[in-house]
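Reader: I'm new to this one and a bit lost. Please pick one part of it and walk me through it slowly, with the terms spelled out as you go.

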Amino acid sequence: MLLISCPNCGSRDETEFHYGGQAHVPYPENPSGLNDREWAEFLFYRDNTKGIFAERWLHSTGCRQWFNMLRDTVSYDIQSIYPMGAPRPDKAAAAPESGTASTAADSTTTGSAAPSIAATSITSTSTAPSTAPSTTQSGTTAPEGATK
Amino acid sequence: MANTTALTGINGLRDIRRSPASHLAEALETGSVPGKVVLKEGPFQTMAGVRVDPSSEEGARIASVTSGLPVRCGEVAGREGVSVLWLGPSEFLVVAPEEAHDSLGGDLIGSLTSALGDAPGQVVDLSANRTTYELSGPRARAVLEKGCALDLHPRKFKPGTALTTEVGNIPVTLWKTGEESFRLFPRASFADFLGRWLLDAMREYASPEVP
């Protein structure tokens, strides 16, 4: 059982959450301009990462809010939890603070079981700090999932 | 099928309605262990689901009706007779006694609706959506701990806190109303299951304690 630290509610059991698939797959800016292959890739093609993976989660039996999570798909270690719309904290060096702001104050009020989950610590001692040019901002036309 | 023509207004309807756990009333009575843990259904409370941005102008208007909105998870705001439970950052559950409902002479739903006005958000009468179980007694926490993963120890879970979580694997809003009393709000369709689950969890306290 994973213990997931919801940004609003604090640490809760995994069974209260629903998985929402890969995060940071932007809707194409010009959907009608895509050919069938590109559209299918946007819809269905997702990364199958071994290691740190950015994914969406929904706290469906709690506050019913979505959030993003960086999780290691091998060790299940939760590296970071950050709000929807925020850039991925281990890649976008531009705004790491907005990524970490989520789990702070609220978690004290809840009856959370474990004292601390790894979520508050962002291991931005990242593996590849300078892979910047490929995935800078969501402003680029090609969606991350489409070009794979 | 009831003969509706014989019913005189709303009070006639009140006589024939049944609460979601009414069929368990006898079992709740016999399953309760006075002095240790007591389970009752407290049906027909007036409940309203409110979705509004609490920082907005309409949020302030709603807050003036309910005497405040809870700010964070677990908080319960409100005044005598009206409680507002935090369900999400912009989602609240207003709980009041049955008499507060508009059909019985109250004005809770109407005043919430008019406070929201045309602003973005919603006020929905959810009185029939959930029922209420009242679990109390010195063993109440031990009963809940059999199926709730939250830390229910009094140092963490204080009276006047309401959390939406899972009890017995079903979604429930758990409200600690006193040192040894809890209210559980399951959806109506889960009332039977949760009632029987709680009775099962309470059964051991009817027997003398094994040292």
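Author: What follows is a close look at chain B, one sheet at a time, with the helices that go with each.

A little housekeeping comes before the tour. This is a predicted model, so local features need pLDDT of at least 70 and side-chain atom pairs count only at pLDDT 80 or more, while totals for chains, interfaces and linings use all residues. Residues are numbered from 1 along each chain as its sequence is written, chains are lettered from A and ligands numbered from 1 in the order in which they are written, and side-chain values use heavy atoms, with hydrogens and water left out.

Let's begin with an open sheet of 5 strands in chain B, in the order 3-4-5-2-6, where the pairing is antiparallel. Its edges are strand 3 (76–79) and strand 6 (122–125) of chain B, and each has a single partner strand, so one side of each has no neighbour in the sheet. From one strand to the next, the twist averages 20°. A strand here is a DSSP run of E with at least two residues, a helix is a run of H or I with at least four, and both are numbered from the N terminus. Two strands pair if DSSP finds at least two bridges between them. For a pair to look at, try strand 3 of chain B and strand 4 (residues 82–88) of chain B: they run antiparallel and are joined by 4 bridges. There, Ala77(B) sits opposite Val84(B) of strand 4 of chain B.

Helix 3 of chain B packs on this sheet and touches strand 2 (46–51), strand 3, strand 4, strand 5 (91–96) and strand 6 of chain B. The direction of helix 3 makes about 60° with that of strand 3 of chain B. For such angles, axes are lines fitted to C-alpha atoms, for helices over the stretch in contact, and the angles run from 0 to 180 degrees between N-to-C directions. Contact itself means heavy atoms within 4.5 Å.

Helix 3 also has a helix for company. Two packed helices are described by the angle between their axes and the distance between the axes. Here, helix 3 (residues 57–66) of chain B and helix 4 (residues 108–116) of chain B pack at about 160°, their axes 8 Å apart. That makes the two helices of chain B roughly antiparallel (under 35 degrees is roughly parallel, over 145 roughly antiparallel, 65 to 115 roughly perpendicular, and the rest oblique). Helix 3 of chain B passes helix 4 of chain B in a right-handed crossing, meaning that the near helix is turned clockwise from the far one by less than a right angle; anticlockwise would be left-handed. From helix 3 of chain B, the contact takes in Glu58(B), Arg61(B), Ile62(B), Val65(B) and Thr66(B), and from helix 4 of chain B, Ser111(B), Leu112(B), Ala115(B) and Leu116(B). Sorted by type, the residues of this contact are 5 nonpolar, 2 polar and 2 charged (Ala, Val, Leu, Ile, Met, Phe, Trp, Tyr, Cys and Pro count as nonpolar, Asp, Glu, Lys and Arg as charged, and the others, Gly among them, as polar).

Stay with helix 4 of chain B for a moment. Its buried residues are Leu108(B), Ile109(B), Ser111(B), Leu112(B), Ala115(B) and Leu116(B), where buried means under 20% relative accessible area, exposed over 50%, and partly exposed in between, with a 1.4 Å probe and protein chains only. Those buried residues pack against strand 2, helix 3, strand 4, strand 5 and strand 6 of chain B. Right after helix 4 of chain B comes Gly117(B), with a positive phi near 60°.

Now for the other sheet. Another 5 strands of chain B form an open, antiparallel sheet in the order 1-7-10-9-8. Strand 1 (38–41) and strand 8 (161–167) of chain B are its edge strands, pairing on one side only. Neighbouring strands in this sheet are turned by 25° against each other on average, direction ignored. Strand 8 of chain B pairs with strand 9 (residues 170–178) of chain B in the antiparallel sense over 7 bridges, and Leu163(B) stands opposite Leu174(B) of strand 9.

Val172(B) is also in strand 9 of chain B. With a relative accessibility of 1%, Val172(B) counts as buried. Val172(B) and Leu184(B) are 12 residues apart in sequence and 6.3 Å apart in space, C-alpha to C-alpha. Leaving out residues up to four places away in sequence, Val172(B) touches several others, including Leu163(B), Phe185(B) and Leu194(B).

Lastly, helix 6 (residues 191–202) of chain B lies across strand 1, strand 7 (133–136), strand 8, strand 9 and strand 10 (181–186) of chain B, at about 15° to strand 7.
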